[in-house]
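Colleague: I am new to this structure and would like a close look at one part of it. Please take me through that part step by step.

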Amino acid sequence: MENPLGIGGMRLHEWAFALAAWREQHGLEGGEENASSAFVEESLANVGAVLMGRNMFGGGSGPWGDEPWPGWWGENPPFHVPVFVLTHHARNPLPLEGGTTFTFVTDGIEAALAQAREAAGGKDVVIGGGAEAIRQYLAAGLVDELSISLVPVLLGGGERLLDGLGDAAIALEQVDAIAAPGVTHLRYRIVR
């Protein structure tokens, strides 16, 4: 619980913390502009809903318990759109400030995607993570574009984003590559 991204895992996001675009999304003022700014702004511009796995939402595995986990983000999460959490354990929706309501979906990735598309109202549906959720959507052929922010940090363990896709027959066409301080942003179109 003290290290949700593993020991040293927060280093993966250090490039974003000082950016004005990231700070604004989190209700903070100020910040800097650099080569990552346009990438972050574009990735946030048309989001209508977010999908995530239970591990990204957090709170451990198994049933939710008497005092269910409220998420990592506090009363005003940075999403500001409906968020659909893939889980095996039913739970009532969790409405929070700023337009974020977490809806817990127990009937599979396709059902979660259908709900997210409806809630997005024609805007983009983003799969925020974690790795297992992204792999499931990739293997099912339900991803149009893949953005990866590659950070020069060696963690030594954790989930591998593209592991176990086997015969999924995924082909990537590079759309963009942006070198920025502490990170390289890669964007690929999924070719079917």
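Which strand is Gly129 found in, and what surrounds that residue?

Modeller: A word of caution to start: this is a predicted model. Gly129 belongs to strand β5, which covers residues 124-129. Gly129 is buried, because its relative accessible area is 2% and the cut-off for buried is under 20%.

Now the neighbours. Leaving aside residues up to four places away in sequence, Gly129 touches Leu51, Met52, Gly53, Met56 and Ile134. Arg54 is a useful landmark here. In sequence, Gly129 and Arg54 are 75 residues apart. In space, their C-alpha atoms are 9.2 Å apart.

Gly128 is also found in strand β5. Its burial differs in class: Gly128 counts as partly exposed, at 36% relative accessibility. Gly128 touches Val50, Leu51 and Met56, again not counting residues up to four places away in sequence. Leu51 and Met56 are thus among the contacts of Gly128, and Leu51 and Met56 are also among those of Gly129. Gly128 and Gly53 are separated by 75 residues in sequence, with 8.3 Å between their C-alpha atoms.

Next, helix α6. This helix takes in residues 131-139, and Arg135 has its place there. Arg135 counts as buried, at 12% relative accessibility. With residues up to four places away in sequence left out, Arg135 touches Glu159, Arg160, Leu161, Leu162, Asp163 and Leu165.

Back to Arg54, the landmark 9.2 Å from Gly129, C-alpha to C-alpha. The charged end of Arg54 sits over the ring of Trp64, 3.5 Å from the ring centre. A second arginine does so too: the charged end of Arg91 sits over the ring of Trp64, at 4.6 Å from its centre. Trp64 itself is buried, with 10% relative accessibility.

That leads to the aromatic rings. The whole structure holds 10 aromatic pairs. One of them joins Trp64 and Phe104, edge-to-face, with 5.2 Å between centres and 65° between planes. This pair links distant parts of the chain, 40 residues apart. Trp64 lies in the loop between α4 (54-57) and β2 (83-86), while Phe104 lies in strand β4, residues 101-105. Phe104 is buried as well, with a relative accessible area of 8%.

Another pair is Trp69 with Trp72. Their ring centres are 4.6 Å apart and their planes meet at 70°, so this pair is edge-to-face. Trp69 is buried, at 19% relative accessible area. Trp72 is partly exposed, at 31%. Ring pairs also link Phe57, Trp64, Trp73, Phe79, Phe102 and Phe104 into a cluster.

Finally, the setting. The protein has six helices and eight strands. From the N terminus on, they run α-α-α-β-α-β-β-β-α-β-α-β-β-β. The radius of gyration is 17 Å, close to the 16 Å that the globule rule gives for 192 residues, so the protein is as compact as a globular protein of that length. Along its principal axes, the C-alpha trace spans about 45 × 45 × 40 Å. Of the 192 residues, 34% count as buried. Among contacts between residues at least 6 apart in sequence, 56% join residues at least 24 apart. The accessible surface comes to about 11,100 Å², and 52% of that belongs to carbon and sulfur atoms.

Note on methods
Residues numbered from 1 in each chain as written. Predicted model: local features only at pLDDT ≥ 70, side-chain atom pairs only at ≥ 80, totals over all residues. Heavy atoms only, no water. Helix = DSSP H or I, 4+ residues; strand = E, 2+ residues; numbered from the N terminus. Buried < 20%, exposed > 50% of the residue type's maximum accessible area, 1.4 Å probe, protein only. Contact = heavy atoms within 4.5 Å. Phe/Tyr/Trp six-rings, centres within 6.5 Å; stacked < 30°, edge-to-face > 60°. Lys NZ or Arg CZ within 6 Å of the ring centre and 35° of its normal. Rg over C-alpha atoms; globule rule 2.2 N^0.38 Å. Areas by Shrake-Rupley, 256 points an atom, 1.4 Å probe, with all protein chains shown as cover.
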